[in-house]
Amino acid sequence: MAFLGLRKWPTPVLKPIWPFLAGGAITFYLVGKGQDAAVRSEEHRNNPKNPYAAQIAQENAAH
């Protein structure tokens, strides 16, 4: 007999979805690295619309 739809044994959750979690984490990391590379590229480094332009300028001045 099930109480509110719960069974006696636990339903496996993490075991069947671990590849999707790993793929999501890898995708999130690679998109972040790609965005950082694009923002710091020569074409967009000095663009006034770049929200990281001031931070990039400070890092370049320190080197």
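Is Ile26 buried or exposed, and what is its relative accessible area? In this predicted model, Ile26 is exposed, with a relative accessible area of 52%, a value that counts as exposed because the class begins over 50%. The residue is found in helix 1, and helix 1 is one of two helices in a chain that has zero strands. With a radius of gyration of 23 Å, well over the 11 Å that the globule rule gives for 63 residues, the chain is more spread out than a compact globule.

**Overall form and surface**

- Taken along the principal axes, the C-alpha atoms of the chain fill a box of roughly 70 × 20 × 20 Å.
- Of the 63 residues of the chain, 5% count as buried, and the accessible surface comes to about 6,000 Å².
- Carbon and sulfur atoms account for 67% of that accessible surface.
- Between the C-alpha atoms of Ile26 and Ala57, which are 31 residues apart along the chain, the separation is 29 Å; Ile26 belongs to helix 1, whereas Ala57 has its place in helix 2.

**Nonpolar surface patch**

- A nonpolar patch on the surface is formed by Val13, Leu14, Ile17, Phe20 and Leu21, which together have about 530 Å² of accessible area.
- Val13, a member of this patch, lies in the segment before helix 1, and its relative accessible area of 56% makes Val13 exposed.

**Salt bridges**

- The structure holds three salt bridges, and two of the pairs involve Arg40, namely Asp36 with Arg40 and Glu59 with Arg40.
- In the first of these pairs, the side chains of Asp36 and Arg40 meet at 3.1 Å, N to O; Asp36 is partly exposed at a relative accessible area of 37%, and Arg40 is likewise partly exposed, at 27% relative accessibility.
- The side chains of Glu59 and Arg40 meet at 2.7 Å, N to O, and this pair links distant parts of the chain, since Glu59 is in helix 2 while Arg40 is in the loop between helix 1 and helix 2, 19 residues apart.
- Glu59, at 30% relative accessibility, counts as partly exposed.
- Asp36, Arg40 and Glu59 are thereby linked in a network of salt bridges.
- The remaining salt bridge brings together the side chains of Arg45 and Glu42, at 3.3 Å, N to O; in this pair Arg45 is partly exposed, with a relative accessible area of 25%, whereas Glu42 is exposed, with a relative accessible area of 59%.

**Asn50 in the loop**

- Asn50 is found in the loop between helix 1, spanning 14-39, and helix 2, spanning 53-62.
- At 10% relative accessibility, Asn50 counts as buried, because the buried class covers values under 20%.
- Leaving aside neighbours within four places in sequence, Asn50 is in contact with Val39, His44, Arg45 and Ile56.
- One of these contact partners, Val39, offers its backbone oxygen, which the side chain of Asn50 reaches at 3.3 Å.
- The C-alpha atoms of Asn50 and Val39, 11 residues apart along the chain, are separated by 7.2 Å.
- Another of the contact partners is Arg45, whose side chain also meets that of Glu42 in a salt bridge.

**Ala57 and helix 2**

- Ala57, placed in helix 2, is partly exposed, with a relative accessible area of 45%.
- Ala57 and Arg45 are 12 residues apart in sequence and 8.3 Å apart in space, C-alpha to C-alpha, while Arg45 is itself in contact with Asn50.

Notes:
Residues are numbered from 1 along each chain as its sequence is written. This is a predicted model: local features need pLDDT of at least 70, side-chain atom pairs count only at pLDDT 80 or more; totals for chains, interfaces and linings use all residues. Side-chain values use heavy atoms; hydrogens and water are left out. Helices (H or I, at least four residues) and strands (E, at least two) are DSSP runs, numbered from the N terminus. Buried means under 20% relative accessible area, exposed over 50%, partly exposed in between (1.4 Å probe, protein chains only). A polar contact is a pair of N or O atoms within 3.5 Å; within protein, one must be able to donate a hydrogen and the other to accept it, and residues adjacent in sequence count only if both atoms are side-chain atoms. Contact means heavy atoms within 4.5 Å. A salt bridge is a side-chain nitrogen of Lys or Arg within 4 Å of a carboxyl oxygen of Asp or Glu. The radius of gyration is taken over C-alpha atoms; the globule rule is 2.2 Å times the number of residues to the power 0.38. Accessible areas come from the Shrake-Rupley method with a 1.4 Å probe; for residues, only the protein chains shown count as cover. Patches are made of residues with over 30% relative accessible area and no salt bridge: like charges are joined within 9 Å, nonpolar side chains (Val, Leu, Ile, Met, Phe, Trp, Tyr) within 5 Å.
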